[in-house]
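Got your viewer open? Let's take a walk through this one, a selection at a time.

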Amino acid sequence: MGKRVAELFTRRTSDGSLDEGAVAESAEACAAQGADALLILGAFGEQGRATASEQERLAALCHEAIRGRARLLAGVFETASTRAIERILSLSRHGEMGFVVTPSFHFGLSNPQELARHFSTIHSATKAQILYMHFPALTRVQPDAGGWSLLGDSKVVTGAMIMEDSLSRRGEILRTLSGLSLPCWIPTLGTMKGAACVWEEGDDE
């Protein structure tokens with residue numbers, strides 16, 4: 001995934017439709033500035049505002065704009081494992097990409113073991129590269145140390161994106177992931193033209 005992930009807004013015109021030119025321009029700008037990966041439909045709740053056809057068009061536009069210079073990621077925030085699988089398979093038709101998956105809206109999850117099963121089910125059905133989105137403000141169930149180990153050891157997830165306000169809690173998670181050799185990225189104050197947010201690979205310091 002590299003060191004820097006640029007998260008893109010879904011750019012729209014004044015009438016609310018997808019602004020294809022602006023989307024392509026933002027993706028091109030981030031790739032040109034050295035972003036290792038681009039994240040669409042990310043942590044700003046954009047997936048819920050985009051129709052299925054808009055999501056697929058967004059993926060196609062970004063693939064065309066970056067032309068293999070950066071990895072493409074898409075956020076998958078769904079209410080059930082089956083819906084996450086459907087979304088991943090649909091977006092995967094437009095080219096190779098990875099997926100940032102969160103259990104935030106899967107209210108049926110009640111413990112870390114069910115959480116791990118959620119991700120295992122998705123990985124088994126899609127064989128996609130999956131990153132875990134840790135967003136405690138919206139997630140009722142979070143991995144404990146054993147849960148992270150299960151996800152990492154089984155190769156279900158290949159990394160994590162950590163949205164954690166508590167510095168002590170973030171440090172604890174980063175140390176756990178470092179011990180599992182799982183890379184992770186945290187949001188930074190860095191800027192990049194065309195990006196809503198820049199995520200940097202983190203460490204346990």
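Below is a tour in four stops, and keep in mind that the model is a predicted one.

**Stop one: the barrel.** Switch to cartoon view and pick out the strands. Eight of them close into a barrel, running in the order β1-β2-β3-β4-β5-β6-β7-β8, with mixed pairing. From one strand to the next, the twist averages 25°. Now select 184-187 and 197-201, which are strands β7 and β8. How do these two pair, parallel or antiparallel? They go antiparallel, over three bridges. Show I186 as sticks and look across to β8: the residue standing opposite is E200.

Add residues 167-179 to the selection. That's helix α6, which packs on the sheet and touches β5, β6 and β7. Compare the direction of α6 with that of β6 (159-162), and you get an angle of about 170°.

**Stop two: a residue in β1.** Select A6, which sits in strand β1, residues 4-7. Its relative accessibility is 0%, so A6 counts as buried. Which residues does A6 touch, leaving aside those up to four places away in sequence? Show C30, A35, A37, L38, L39, M192, A195 and C197. For a distance to try in the viewer, draw a line from the C-alpha of A6 to the C-alpha of L73: it spans 9.8 Å, and the two residues are 67 apart in sequence.

**Stop three: helix α4.** Select 112-126. This helix has 15 residues and reaches 21 Å from first C-alpha to last, close to the 21 Å expected at 1.5 Å a residue. Colour its buried residues: P112, L115, A116, H118, F119, I122 and T126. Look down the axis and you'll see why they make a neat set: they cover an arc of only 150°, which puts them on the same side of α4. Then step just past the end of the helix to K127, where phi turns positive, at about 55°.

**Stop four: the aromatic pair.** Keep F119 selected and add Y132. A search of the whole structure turns up one aromatic pair, and this is it: the ring centres are 5.0 Å apart and the planes meet at 35°, so the pair counts as tilted. What does the pair tie together? F119 belongs to helix α4 and Y132 to strand β5 (residues 129-134), so the link joins parts that are 13 residues apart in sequence. Both F119 and Y132 are buried, so hide the surface before you look for them.

Methods
Residues are numbered from 1 along each chain as its sequence is written. This is a predicted model: local features need pLDDT of at least 70, side-chain atom pairs count only at pLDDT 80 or more; totals for chains, interfaces and linings use all residues. Side-chain values use heavy atoms; hydrogens and water are left out. Helices (H or I, at least four residues) and strands (E, at least two) are DSSP runs, numbered from the N terminus. The expected span of a helix is 1.5 Å times one less than its number of residues. Buried means under 20% relative accessible area, exposed over 50%, partly exposed in between (1.4 Å probe, protein chains only). The arc is that of the directions from the helix axis to the C-beta atoms. Rings of Phe, Tyr and Trp (its six-membered ring) pair if their centres lie within 6.5 Å; planes under 30 degrees apart count as stacked, over 60 as edge-to-face and the rest as tilted. Contact means heavy atoms within 4.5 Å. Two strands pair if DSSP finds at least two bridges between them. Axes are lines fitted to C-alpha atoms, for helices over the stretch in contact, and angles run from 0 to 180 degrees between N-to-C directions.
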